[in-house]
Amino acid sequence: MREGEIVPPGKLDIEDGIALIRIDSPPVNALGLAVRAAVIDGIDQANATPGVEAIILICEGRTFFAGADITEFGKPTIQPDLNVVIERIENSRAPVIAAIHGTALGGGLETALACDWRIAVPSARLGLPEVALGLLPGAGGTQRLPRLIGVEAALDMIVGGKPVGAAKAAALGIVDRLAQEGDLEGGARGFARQIITSNAPRRRIRDLDDKIVADRDRPELFDTFRARHAGLLKGFKAPASIIKAIEASVALPFEAGLKREEDLFLELLHSRESEAQRYAFFAERETAKVPDLPRDTPAVDIASVGVIGAGTMGGGIAMNFLNAGIPVTIVETAREALDRGVGVIRRNYEATAAKGRMTADEVERRMALLTPSLDLADLSSKDLIIEAVYESMALKKEVFATLDRLAKPGAILASNTSFLDLDEIAGSTNRPQHVVGLHFFSPANVMRLLEVVRGVRTSPIVIATAMKLAKRIGKLPVLSGVCDGFIANRAMGVRMAQADALALEGASPQQIDKVLTDYGFPMGAFQMLDLIGLDVIGRDSSERTLMGDLVARDRLGQKKNGGFYDYDEKRRPTPSPVADEVITALAAERGIARRDFTDQELIERLLYVVVNEGAKILDEGIALRASDIDMALIAGYGWPVYTGGPMFWADTVGLANIVGALDALAAQYGPAFAPSPLLRRLVTAGETLHEAVAPASSPSVQKEIAHV
């Protein structure tokens with residue numbers, strides 16, 4: 001082979017009447033142009049060869065076709081497209097068997113559904129996850145899958161978007177045979193020989209109707225599905241379009257159903273919601289990339305972890321590592337607190353097992369990895385030690401000074417602080433290069449966001465380790481510089497400040513929360529405070545506040561006597577006369593004139609300020625990319641993904657519109673609303689916010705790079 005020569009991704013082997021099309025296009029055999037052409041060429045050659053009685057489509061490497069080639073997203077389609085590939089497979093003279101290992105996702109499964117038969121190894125996973133990109137399967141998936149497994153199973157699989165294992169796929173009828181693990185080719189050849197010997201007829205899924213014929217008389221099943229999944233459908237266009245496409249599979253002939261699927265696909269493709277979800281898909285993959293961190297930076301192997309604090313945060317943090325099979329020693333100062341924390345961890349696991357998501361043996365395996373202790377010295381041999389104590393600078397500095405004496409050389413010392421200055425914490429040690437922030441969001445065993453906070457002297461090796469470890473424990477890592485609140489809490493802190501101000505100015509907590517939930521947040525600002533606990537959020541305030549006044553009346557939120565809302569025995573909220581009285585009284589004391597607000601006024605006050613704060617965070621170099629801010633707020637605060645996050649959403653609103661609104665607010669309420677210089681620069685240049693990156697001249701960036 002000459003240097004620079006491209007190796008064709010397809011190879012055809014013919015033996016004993018069986019043609020084997022072998023595709024090898026690392027890393028995941030994505031269905032790009034070259035792969036599509038290779039499949040078509042293989043099918044054509046096999047059918048043109050006398051004596052070929054069956055065709056096997058198999059992939060080399062770690063997976064079957066894992067889906068579309070994401071590098072082609074957003075670009076004009078080059079023929080042959082996937083529909084041409086599928087048509088060629090379905091019209092093959094010889095029956096075609098898909099031999100599946102790894103994953104068959106999206107277009108990969110649609111390709112397999114075009115084949116007559118499917119065989120898979122037990123470890124394989126199959127799915128149509130396009131809904132996560134705001135799309136639907138666009139190559140016949142919504143038409144073939146119902147014909148193969150029935151409407152209800154197809155709705156669950158395509159609207160839900162979650163892949164299923166090979167065993168479940170076989171039980172559903174997607175997979176016709178399971179091969180022995182490690183011998184997929186041998187199993188596929190044996191299956192093909194059986195088909196040839198039995199003279200089995202062609203089995204095109206498009207021609208089947210036994211699974212859907214009964215559903216033609218049950219149109220109500222679609223309305224029932226919509227009602228049952230109303231929460232899933234809210235704000236998202238793709239799930240509703242998927243249901244319509246599957247309805248077409250029942251009501252229309254196959255070709256008409258394909259046309260309906262195509263129309264719905266194109267409608268989604270050009271929708272703002274899908275554009276936002278596709279942006280988030282790529283933005284999530286960008287968060288792990290640190291431009292000033294060389295790709296060959298070594299990472300420390302984390303084989304053992306220590307966690308200081310067995311409360312809600314410490315216990316949740318420990319569970320992440322136990323889930324990944326990493327031993328954890330958890331330390332508390334009092335036996336009662338330690339036993340209570342360990343008990344909560346066990347109960348969490350047992351609750352998961354009771355729902356069928358974990359076996360009793362798995363519960364015990366995780367618990368066996370947990371070592372409770374009352375002695376910090378038991379952390380001396382750990383590779384990583386995470387502090388999760390009360391948010392007090394004095395206490396955290398005391399803990400880190402102790403760890404500096406106890407921890408082994410090279411151990412990574414991490415703080416879970418959500419607001420405090422990491423550099424000041426690191427300054428209490430003689431090894432600031434080994435100190436990093438690992439800010440988990442509550443509940444730590446559930447929330448995906450992990451802010452990795454880089455101090456001014458944090459070592460590149462420590463950052464590389466933290467970013468890699470986040471992936472290992474199933475978290476989305478977002479790198480942040482040091483500032484009050486880092487990225488997510490700082491950006492959303494201004495929303496909470498405006499919610500408080502608006503309540504005093506006349507908007508009710510119910511109206512404010514409704515505007516936010518109508519926008520797409522899972523809960524409103526005041527609902528969230530009541531859930532967390534007003535005493536937790538507001539206990540350190542040095543001035544009189546709404547939360548402080550409610551706490552003074554022993555209203556702590558859902559856990560005691562209500563907060564901004566009253567709650568019944570099932571924790572269902574209703575407007576609270578007590579909260580209204582507290583709000584009115586504080587407004588009167590401050591001399592605040594109260595008035596009515598439109599929903600648009602509330603959106604501008606609550607969310608435009610988040611955009612503005614995000615722009616400041618980026619301009620200061622606290623975040624590397626605008627897209628990192630979007631992902632932090634989507635993963636950490638439930639910002640609706642179908643808006644793309646605040647930075648992407650701002651571009652859809654129009655930066656000039658947002659700057660104009662902020663200028664008007666600044667004129668009315670003061671300079672706190674003044675637009676960020678970055679927003680003004682972007683408007684002047686006609687550039688977008690969501691594509692912006694931290695300026696290399698930023699003081700924070702320069703300071704950090706100087707120490708790398």
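**Figure 1. Charges across the chain of this predicted model.** The chain carries 78 positive and 93 negative charges. Their mean positions are 2 Å apart. About 30,300 Å² of the chain is exposed. Carbon and sulfur atoms supply 53% of that area.

**Figure 2. Overall fold of the chain.** The chain holds 30 helices and 19 strands. Its radius of gyration is 29 Å, close to the 27 Å that the globule rule gives for 708 residues, so the chain is as compact as a globular protein of that length. Along the principal axes, the C-alpha atoms fill a box of roughly 90 × 60 × 55 Å. Buried residues make up 52% of the 708 residues. Among contacts with a separation of 6 or more, 72% join residues 24 or more positions apart.

**Figure 3. Helix α2 and its packing partners.** Helix α2 spans residues 82-90. Which of its residues are buried? They are L82, V85, I86, I89 and E90. These residues cover an arc of only 130 degrees around the axis, so they sit on the same side of α2. An α-helix has 3.6 residues a turn, so residues three or four places apart point the same way. The buried residues of α2 pack against three helices and two strands by name: α1 (33-48), α3 (107-114) and α4 (141-149), with β3 (54-59) and β4 (96-100).

**Figure 4. Cis peptide bonds at P27 and P443.** Most peptide bonds are trans. P26 and P27 are joined by a cis bond, with omega about 5 degrees. P27 lies in the loop between β2 (18-23) and α1. A cis bond also joins S442 and P443, with omega about -5 degrees. Where is P443? The loop between β15 (435-440) and β16 (449-453) holds P443.

**Figure 5. F486, a non-glycine residue with positive phi.** Most residues other than glycine have a negative phi. Phi of F486 is positive, at about 55 degrees. F486 is placed in the loop between β17 (476-480) and α19 (488-505). Is F486 buried or exposed? Its relative accessibility is 0%, so F486 counts as buried; the cut-off is under 20%.

**Figure 6. R571, a residue other than glycine with positive phi.** Phi of R571 is near 60 degrees. The residue sits in the loop between β18 (565-567) and β19 (573-575). R571 has 47% relative accessibility, so R571 counts as partly exposed. F486, at 0%, counts as buried.

Technical notes
Residues numbered from 1 in each chain as written. Predicted model: local features only at pLDDT ≥ 70, side-chain atom pairs only at ≥ 80, totals over all residues. Heavy atoms only, no water. Helix = DSSP H or I, 4+ residues; strand = E, 2+ residues; numbered from the N terminus. Rg over C-alpha atoms; globule rule 2.2 N^0.38 Å. Buried < 20%, exposed > 50% of the residue type's maximum accessible area, 1.4 Å probe, protein only. Contact = heavy atoms within 4.5 Å. Areas by Shrake-Rupley, 256 points an atom, 1.4 Å probe, with all protein chains shown as cover. Lys, Arg positive; Asp, Glu negative; His and termini not counted. Charge placed at Lys NZ, Arg CZ, Asp CG, Glu CD. Arc of directions from axis to C-beta.
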